[in-house]
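Subject: Structure handover

Hi,

Here is the structure I said I would pass on. Please load it before reading further.

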Protein chains: 2
Amino acid sequence: MAEFLTPQHEDFSKWYTEIVQKADLADYSPVRGCMVIKPYGYTLWERIHEELDRRFKDTGHVNAYFPLFIPESFLHKEAEHVEGFSPELAVVTIGGGNQLEEPLVVRPTSETIIGHMYAKWVQSYRDLPLLINQWANVVRWEMRTRLFLRTTEFLWQEGHTAHATRQEAIDETLQMLNVYTDFAVNEAAIPVIPGRKSESEKFAGAVTSYTIEAMMKDGKALQSGTSHFLGQNFAKAFDIKFLDENNEQQFAWTTSWGVSTRMVGAVVMTHGDDQGLVLPPRLAPIQVVIVPIWRKDDQRTEVMEAANKLYARLKGFVRVKLDDREGVSPGWKYNDWEMRGVPLRIELGPRDIEKQSVMLARRDIPGREGKTIVPMANLEETIPEMLATIQASILQKAQDYRDANIQDVTTYAEFKAAIEQGFARVWWAGSREDEARIKDETKATIRCIPLEQPGGKGRCIYTGQEATEVAIFGKAY
Amino acid sequence: MAEFLTPQHEDFSKWYTEIVQKADLADYSPVRGCMVIKPYGYTLWERIHEELDRRFKDTGHVNAYFPLFIPESFLHKEAEHVEGFSPELAVVTIGGGNQLEEPLVVRPTSETIIGHMYAKWVQSYRDLPLLINQWANVVRWEMRTRLFLRTTEFLWQEGHTAHATRQEAIDETLQMLNVYTDFAVNEAAIPVIPGRKSESEKFAGAVTSYTIEAMMKDGKALQSGTSHFLGQNFAKAFDIKFLDENNEQQFAWTTSWGVSTRMVGAVVMTHGDDQGLVLPPRLAPIQVVIVPIWRKDDQRTEVMEAANKLYARLKGFVRVKLDDREGVSPGWKYNDWEMRGVPLRIELGPRDIEKQSVMLARRDIPGREGKTIVPMANLEETIPEMLATIQASILQKAQDYRDANIQDVTTYAEFKAAIEQGFARVWWAGSREDEARIKDETKATIRCIPLEQPGGKGRCIYTGQEATEVAIFGKAY
């Protein structure tokens, strides 16, 4: 398989597009900018869905579903919001054979329609907080698309909450940023950097936007989830009002937060290598693949019987697949499953059966070094342990890579060199206009102002003014 | 609560619309024909989703995701299909601010776009069968809408499979009809009648359509799931071809099958009563609600402590809610949870704590008769047992109701009387035109030709000709 993949160092972007298709994660569709998520890719998304959904419910959220269509006039109620989203809209103008009186926008995000409903549902402080999440498809008309990373239609979850106080809404915004960070680090093994967006990068209509930023293997940044404190902007635009405990009319404070199928791209570009995908065990659709091996035909029955038995046994505690395909060699199967990023492979042949052991091969450590012979009796312990080891190990590897590619720089020349390789961390006190100039000059943007700050003061890399915060710059997807 | 609900016998349709909103299942949206599925209703849908999805995976299917938009020309490739769906389409004509060269249809169903992809994926008999399901939203422009039963946008799953042989595709079609029947009967407690659709009622583009038909409490029929054998119609329209084992080019045989959020409406109208919803325990978002009771304030601490303890204990094996709301009476809470259809209520007061027992009240048997005092020690057994009893009991009740309202009739006069009350089962050998005339004259249609046939022969109720099959007629939602 590997020889059909462009090596990462040669053309990372080409490697990405190839592996997404070869590993059956997604395919192009006949609809401009829209992709088909194939079963293997969709199962990965189901795992992401499941793990996020569990965390949302654990933090008191419930799911609901709001309409796909939004009356065009709704978008116009929040000035920054409409400015941000107008260029990206798909618009339905015909319904049931007739021209519509008011065109319907296919939701690019649902603050407006949900704001309208919240205004209807919220009367008193007793109705708050509203803690609702929606799993849905959204559409943003994109000119340059890329499988999973930027598509006209994508799947996501969008949380929308309304609160009685400013502080409670801020706490919610940060809580969900933490949920995303926890998910990214502990499930996807992606060492994201949580931080605040700069003024020019924040969500259209937000007071403050937070983000988790990940570094891909080519040193570029991928925004992997966002959480927005919307202040009273949408409450005022949609009239979400309540009577407080003193019987006074107040506007609610709202938040929104989302993670999309883009996360699949993040997993691919954080862990993949020249052999293909490397999936984190906690999210992998298949955690263990059993490859039966025999040389002579008379060994086949014995091996397949043992393999089936093993499969039935493992099914109880891991997501396992038995590759019983005929007509292809074990070696071909190894390559195929390596390409698909299955974390652990079990090789099972006549000698293993004789010795009551199996060969375990780790996807994250290629060749001999990643292989261990373990007794068949202990697999209930060995396999979960080894999956946990792989999970921790690929996280560590990604973190080492990231840390090695973030440079603290103090001159613009160093800055320019740093962002060719990865991220630049700099003292920052610039304006929106300064950001725009840097973007023009270097293609780098502020990925975030990290929550974790060194403290103290420094000189802004661009303006030379005194700065109290550091920012992380990088080129982004 | 109950006094605010229109009694079913007075106006069933009004009762339905009221309870769907009062029980927080759904709300109207500002978008014509589109509803908002509220958290309680969505959780019920999540349970339906979960139970269906498990069955799909157990029968070898995987999930994937195809684009929301379909090029308009695709619809035209299958003649009957375009005729059936054209009047119901929502059409996107503007994208990213520009008029589109080819308008995009918002999917009303996905045979066409999936057919296009399958043609790309299938080359050889080794690529078959393709067994894919999709969970998605679809849009059909409806003139007269009704919460859950008929909305412009709805959620559903649509399975699409492709096979090498006709027989395999027929087997798949019937297998999925069985899966739906099993789900309806054993999860939703709805005694559906599986059968074949008549020529005039079948899916646009199908060779044969199968359906599960349910009888609502007003005697009307609700089509609750369909499974279609598409023959080679879509394979020919989209060029899904493969090389068979003899190296000859063949068209594939395809199927499609779907269940939608309409199922929520079926649950409501099969089991609900004048007090509100009656939810089947297996699908109920909340299976057990604990209502703590105290008269004097000094009892409060003791009762709440016991209630919290009980809650923590039950959480391990049932979906339980502790109603700790202040400022409303236990009686008010009883009514509220009855209205929401929670199968089992636990009343817990100081005397129960003293006696180490609890009062269990069944939603499906109102008043004293449905109450039992059970020892607190045995709840791990008692509760699951009682939930199973309720599940079986509401299924039986629905089945008795249905059977009492299906009449075998032999004259058109009897027929007309029967369909005022429920279903008419009749010998049938009529044509499409005969069906149309009966519909004009009585508003009744063939709901299905049941799979279970009496055998033998009879006289067609309409034409008097010899008939070998019985059909079930009814007025339908």
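Below is what I found where the two chains meet.

First, a caveat: this is a predicted model. Everything here is computed from it.

Start with the interface. On chain B, 41 residues are in contact with 41 residues of chain A. Strand β5 (residues 90-95) of chain B gives the most to that side, with 6 residues. By residue type, the side of chain B that touches chain A splits into 27 nonpolar, 9 polar and 5 charged.

Next, the strands. β5 (residues 90-95) of chain A is joined to β5(B) by 5 bridges. The two strands run antiparallel. To find the register, look at V92(A): its opposite number in β5(B) is V92(B). Further along, I94(A) stands opposite V91(B).

That pairing sits inside an open sheet of 6 strands. The order is β4(A)-β6(A)-β5(A)-β5(B)-β6(B)-β4(B). Pairing is antiparallel. At the edges stand β4 (69-71) of chain A and β4 (69-71) of chain B. Each has a single partner strand, so one side of each is left without a neighbour in the sheet. From one strand to the next, the twist averages 45 degrees.

For viewing, I would begin with β5(A) and β5(B), which are joined by the 5 bridges. Then follow the strand order out to β4(A) and β4(B).

Best wishes

Key: Residues are numbered from 1 along each chain as its sequence is written. Chains are lettered from A and ligands numbered from 1 in the order in which they are written. This is a predicted model: local features need pLDDT of at least 70, side-chain atom pairs count only at pLDDT 80 or more; totals for chains, interfaces and linings use all residues. Two residues are in contact if their C-beta atoms, placed from the backbone, lie within 7 Å. Helices (H or I, at least four residues) and strands (E, at least two) are DSSP runs, numbered from the N terminus. Ala, Val, Leu, Ile, Met, Phe, Trp, Tyr, Cys and Pro count as nonpolar, Asp, Glu, Lys and Arg as charged, and the others, Gly among them, as polar. Two strands pair if DSSP finds at least two bridges between them. Axes are lines fitted to C-alpha atoms, for helices over the stretch in contact, and angles run from 0 to 180 degrees between N-to-C directions.
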